[in-house]
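Reader: I am new to this structure and would like a friendly tour of it. Could you show it to me first, and then take my questions one by one?

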Amino acid sequence: MIHLNPLRYKIVGLITFKTESPIHIGAGGIEARRNFLRLPSGEFLIPSSSWKGAFRSISEKMAKAMRCGGIEEIAVNFYRETQSGIRYRSEDKSFEEFVEDFAKRLKGEEGKWVKDDLGKLVKVLEDLGYSQEEIKEVKERGKKAKDGLAYEMAESYLALYCPIGKLYGNGVLAGKLRFGDVIVKECRTHLRPGVGIDRKTITAKPGVLYFIQIIEDAELRLPLILDNPTPGELDSILLARTIDYIQELGLSIGGRKSTGLGRLKIKEDGGEFYLIRLREDDKLAIGNPFKKAEKLTLSEFTRWLRGNS
C-alpha cells in the first residue's frame, strides 16, 4: 500500500471499444452448449478480471522491452507469474548477486543496485512487515540467514520497484489501476459450432461437437480508476505505452482467441478521463471532486502520464 498513501491524484475514465470480431467470455463448464457469462438479470457481462488480464499481458511485454535502468530493470527482468503468485526470482546467479547486494547495503556498505540510505531501507522493511529481529538476522548473517530470510526479504524489496506490480499489484503492492465490469447493453448474438481437438494428432476428435455463444457488433465502455499516478514515472509511462499499443494493434479478450475471437479496437474518440487533484496547496478536495476535475481525451491522458502535458 506504500505507493498509495497519501492519495494525491485519482483518474476516473472510460475507454470505448468496438468489437472487430465476435467475443466469447465463458460461463464455465464443458457442456455441448457453452454460454456467454451473464448477470442474473440476463445481460451479458465481461468481468473486470478479463480486462485486467488482457491489459497486464500487454504491459508485461512492453515493460520487458523498455530500458528502465537500475533496480526497476532488475525487477522487470525477474518478474514471473507462477501458480503461487507473482515472483521476483531467477534460477541463475543473477538473483544470488542481487541478494548479496541487498544484504551488503543492509550492513551499511555501498550497494550496486540497492541505493536507499540505511534508515530508509530499514523503515521500508518494517512497513513490509519484517520485525527488528528478522532485519537484524539478515544484517548479521547475510545470505546465510535462517529459513532463506535474506532471499525472501530481498524479493519483497525488489517487488516495490516493479512498474508492472505498481500498476496491477503484486505480493507487496496494491495495484494503482483498477478496472470495472462491463455490461453489454446492445449486441447481436448467435451460436458458433466447434469441434474437439486431439492435441497429440492435431486432428478433430470424433463425436466431440459443441456450440459456443458469441456476441458481435457491440460497443463496450470500460470504466477504470487510476490512483496516485505520477507523470513521468516508469509505471505511468508503461501505462501510456500499453494504451498506445492497444490503440495501434487492438486488444484480445475472452476465450478462443486462437480462432480469431475476442478482437477489440478503441473507437476513434477513445473515451474520456477526469483528473482529480485530491490535494492542492495542502487542501484536501471535498464534496463533489468532479466539479474541479480536469477533463482529458485519451491522447491528452497518455501525454499527461508521460509528463508531457
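Reader: Which residues do ring pairs link into a cluster with Phe78?
Author: Happy to start there, with the note that this is a predicted model, where local features need pLDDT of at least 70, side-chain atom pairs count only at pLDDT 80 or more, and totals for chains, interfaces and linings use all residues. Residues are numbered from 1 along each chain as its sequence is written, and side-chain values use heavy atoms, with hydrogens and water left out. Rings of Phe, Tyr and Trp (its six-membered ring) pair if their centres lie within 6.5 Å; planes under 30 degrees apart count as stacked, over 60 as edge-to-face and the rest as tilted. Linked to Phe78 by such ring pairs are Phe95 and Tyr151.

Reader: How many aromatic pairs does the count come to, and what is the angle between the planes of phenylalanine 95 and tyrosine 151?
Author: By the ring rule, the count comes to 11 aromatic pairs. One of them joins phenylalanine 95 and tyrosine 151, a tilted pair at 6.2 Å centre to centre, with 40° between the planes. This pair links distant parts of the chain, 56 residues apart: phenylalanine 95 sits in helix H3 (residues 93-106) and tyrosine 151 in helix H6 (residues 149-159); helices (H or I, at least four residues) and strands (E, at least two) are DSSP runs, numbered from the N terminus. So the answers are 11 aromatic pairs and 40°.

Reader: Is phenylalanine 95 buried or exposed?
Author: Buried means under 20% relative accessible area, exposed over 50%, and partly exposed in between (1.4 Å probe, protein chains only). Its ring partner tyrosine 151 is buried at 17%. Phenylalanine 95 has a relative accessibility of 3%, so it counts as buried.

Reader: Where does tryptophan 113 lie?
Author: Phenylalanine 98 and tryptophan 113 form a tilted aromatic pair, 6.4 Å centre to centre and 35° between the planes. Phenylalanine 98 is buried at 1%, whereas tryptophan 113 is partly exposed at 22%. Phenylalanine 98 belongs to helix H3, and tryptophan 113, 15 residues apart from it, lies in the loop between H3 and helix H4 (118-127).

Reader: Let us turn to charges. How many salt bridges does a search of the whole structure find?
Author: Side chains of opposite charge can pair when their charged atoms come close. A salt bridge is a side-chain nitrogen of Lys or Arg within 4 Å of a carboxyl oxygen of Asp or Glu. Searching the whole structure gives 17 salt bridges.

Reader: Which parts does the salt bridge of aspartate 227 and lysine 10 tie together?
Author: The side chains of these two residues meet at 2.5 Å, N to O. Aspartate 227 lies in strand E10 (residues 219-227) and lysine 10 in strand E1 (residues 9-19), so the pair ties together parts that are 217 residues apart in sequence. Aspartate 227 counts as buried at 7% relative accessibility, and Lys10, Arg178 and Asp227 are linked in a network of salt bridges. The parts tied together are strands E10 and E1.

Reader: Which helix holds both arginine 141 and glutamate 137?
Author: Their side chains meet in a salt bridge of 3.3 Å, N to O. Arginine 141 is partly exposed at 44%, while glutamate 137 counts as buried at 16%. They are 4 residues apart, about one turn of the helix, and both lie in helix H5 (residues 132-141).

Reader: What is the bridge partner of phenylalanine 273 in E15?
Author: Two strands pair if DSSP finds at least two bridges between them. E1 and E12 pair in the antiparallel sense over 10 bridges, with glycine 13 opposite phenylalanine 273 of E12. E12 and E15 also pair in the antiparallel sense, over 3 bridges. There, the partner of phenylalanine 273 is leucine 296.

Reader: Is asparagine 228 buried or exposed?
Author: Asparagine 228 has a positive phi of about 55° although it is not a glycine. Its place is the loop between E10 and helix H8 (234-249). With a relative accessible area of 0%, asparagine 228 is buried.

Reader: Where in the chain is confidence lowest?
Author: pLDDT is the predictor's confidence in each residue, from 0 to 100. The chain averages 88, and 90% of the residues score at least 70. Where pLDDT is low, the predicted coordinates should not be read in detail. Confidence is highest in strand E6 (residues 177-179), at 97, and lowest, at a mean of 50, in strand E14 (residues 283-284).
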